[in-house]
Amino acid sequence: MRVAQLGSGTPEIAVVAGIHGDEPCGVRAVERLLDERPTVNRPVKLVVANEAALERRVRFIDEDLNRTFPGDPGAKTHEGRLAAALVSELEGCLTFSMHSTQSHADPFAIVNGVSETATELVPQLPVAAMVETSNFAEGRLFSAVDTVEVECGLQGSETAAQNADRLTRAFLTAVGALPGDTVDRELPVYRLTDVIRKQQADTYEVFVENFTPVEAGAPFAAADGDEQVADERFYPVLMSSNGYRDVFGYAAEKLDVLETTTAAD
Ligand SMILES: [Zn+2]
């Protein structure tokens, strides 16, 4: 784990990259901040988490770090120990953690609950949606640390790296670390309701678009040509044919649209 800081004092804000070693976009954003060293109005902690996995360009060494929190300093796995170290490093910090996916190109935010912080902060980020994953929080960073996660785009893409940079700057502006204003946008909010499992197969297909509703009775994915059909209407989120080993992704319900709070006079 690499830890650095912008500004002086004890940070209450942190930016975390590289929870997953095969998602380099956030690391680029952090490195750019370290190169440019912008003047900040509040101190910011910068963390590159899983350096060993990043070096090998793999998601993890022993187990998925974002299913391992709070971890244990005496854990047998690299990620178990790293999770514990991260939790103590990030204690007391509102944390911004960057990811990328194989499922969706447009950035969206993932939060553990529609909290006051999330409701205020996330509409100021350049994201298309906010996804609430409290039903599936176990082992994730935000189960242990106050965190907003963002999916920056497609894994390994230049666009995801550029998005990571824009998202980080918007976050740092929204929390008052960088000067300037952010734009508030209306934001649909989704809550994950189910895991969509996939059986062992050689080839996987996904027929639907994330955040576009799938009607009851519609086929949405297949494993070796075996179609899976929707029992009821749902919104697919984080769905991809090969993004995860044993799940296609998640089913979500649409909760609400967060209206902008800025008065139009
Ligand atoms: Zn990730």
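1. Starting at the domain boundary: three residue pairs are in polar contact between domain 1 and domain 2, with both residues of each pair at pLDDT 80 or more. Keep in mind throughout that this is a predicted model. Salt bridges don't feature here at all, since the count between domain 1 and domain 2 is zero. On the side of domain 1 that touches domain 2, strand S5 (108–111) and strand S6 (130–132) each supply at least two residues. That side of domain 1 is made up of five nonpolar, six polar and four charged residues.

2. For orientation, domain 1 covers 2–175 and domain 2 covers 192–255. Taken over C-alpha atoms, their centres sit 26 Å apart. The contact between them involves 15 residues of domain 1 and 14 residues of domain 2.

3. How much area is buried between domain 1 and domain 2? About 1200 Å², with carbon and sulfur atoms giving 66% of that. If you want to look at particular residues on the domain 1 side, go to Gln102, Ser103 and Phe136: these lose the most area to domain 2, and together they account for 40% of what that side buries.

4. Now to the salt bridges. A search of the whole structure turns up 14 of them. One to click on is Lys45 with Glu89, whose side chains meet at 2.6 Å, N to O. Lys45 belongs to strand S3 (residues 44–48) and Glu89 to helix H3 (residues 78–90), so this pair ties together parts that are 44 residues apart in sequence. The two ends differ in exposure class: Lys45 is buried because its relative accessible area, 13%, falls under 20%, while Glu89 is partly exposed at 24%.

5. Asp64 and Arg59 make another salt bridge, with 3.1 Å between the closest N and O atoms. Are these two buried or exposed? Asp64 counts as buried, at 14% relative accessibility. Arg59 is buried too, with a relative accessible area of 19%, and it gets that label because the cut-off for buried is under 20%.

6. Helix H6 (residues 158–174) has a salt bridge of its own. Asp165 pairs with Arg169, the closest N and O atoms being 3.5 Å apart. The two are four residues apart in H6, so about one helical turn separates them. Asp165 is buried at 12% relative accessible area, whereas Arg169 is partly exposed at 23%. The pair also belongs to a network: salt bridges with shared partners join Arg32, Glu36, Asp165 and Arg169.

7. Thr95 deserves a look. It is found in strand S4 (residues 94–101), and at 0% relative accessibility it counts as buried. What does its side chain reach? The side chain of Thr95 comes to 3.2 Å from the backbone oxygen of Cys93. Leaving out residues up to four places away in sequence, Thr95 touches Ala14, Val16, Leu90, Leu141, Val145, Asp146, Thr147 and Val148.

8. For contrast, take Arg56. This residue lies in helix H2 (residues 51–56) and is exposed, because its relative accessible area of 58% is over 50%. Measuring stick in hand, Arg56 and Ala161 are 19 Å apart in space, C-alpha to C-alpha, and 105 residues apart in sequence.

9. There are some backbone details to check by eye. Phe69 and Pro70 are joined by a cis peptide bond, with omega at about 5 degrees. Pro70 has its place in the loop between H2 and H3.

10. Then there are positive phi values in residues other than glycine. Phe211 has phi near 70 degrees and is found in the loop between strand S9 (204–206) and strand S10 (219–223). With 14% relative accessibility, Phe211 counts as buried. Asp224 has a positive phi as well, about 50 degrees, although it is not a glycine. Its loop runs between S10 and strand S11 (226–229), and here the residue is partly exposed, with a relative accessible area of 44%.

Conventions: Residues are numbered from 1 along each chain as its sequence is written. Side-chain values use heavy atoms; hydrogens and water are left out. Domain bounds come from an automatic or database domain assignment. Contact means heavy atoms within 4.5 Å. Buried area is the accessible area (1.4 Å probe) that two parts lose on being put together, summed over both. A salt bridge is a side-chain nitrogen of Lys or Arg within 4 Å of a carboxyl oxygen of Asp or Glu. A polar contact is a pair of N or O atoms within 3.5 Å; within protein, one must be able to donate a hydrogen and the other to accept it, and residues adjacent in sequence count only if both atoms are side-chain atoms. Ala, Val, Leu, Ile, Met, Phe, Trp, Tyr, Cys and Pro count as nonpolar, Asp, Glu, Lys and Arg as charged, and the others, Gly among them, as polar. Buried means under 20% relative accessible area, exposed over 50%, partly exposed in between (1.4 Å probe, protein chains only).
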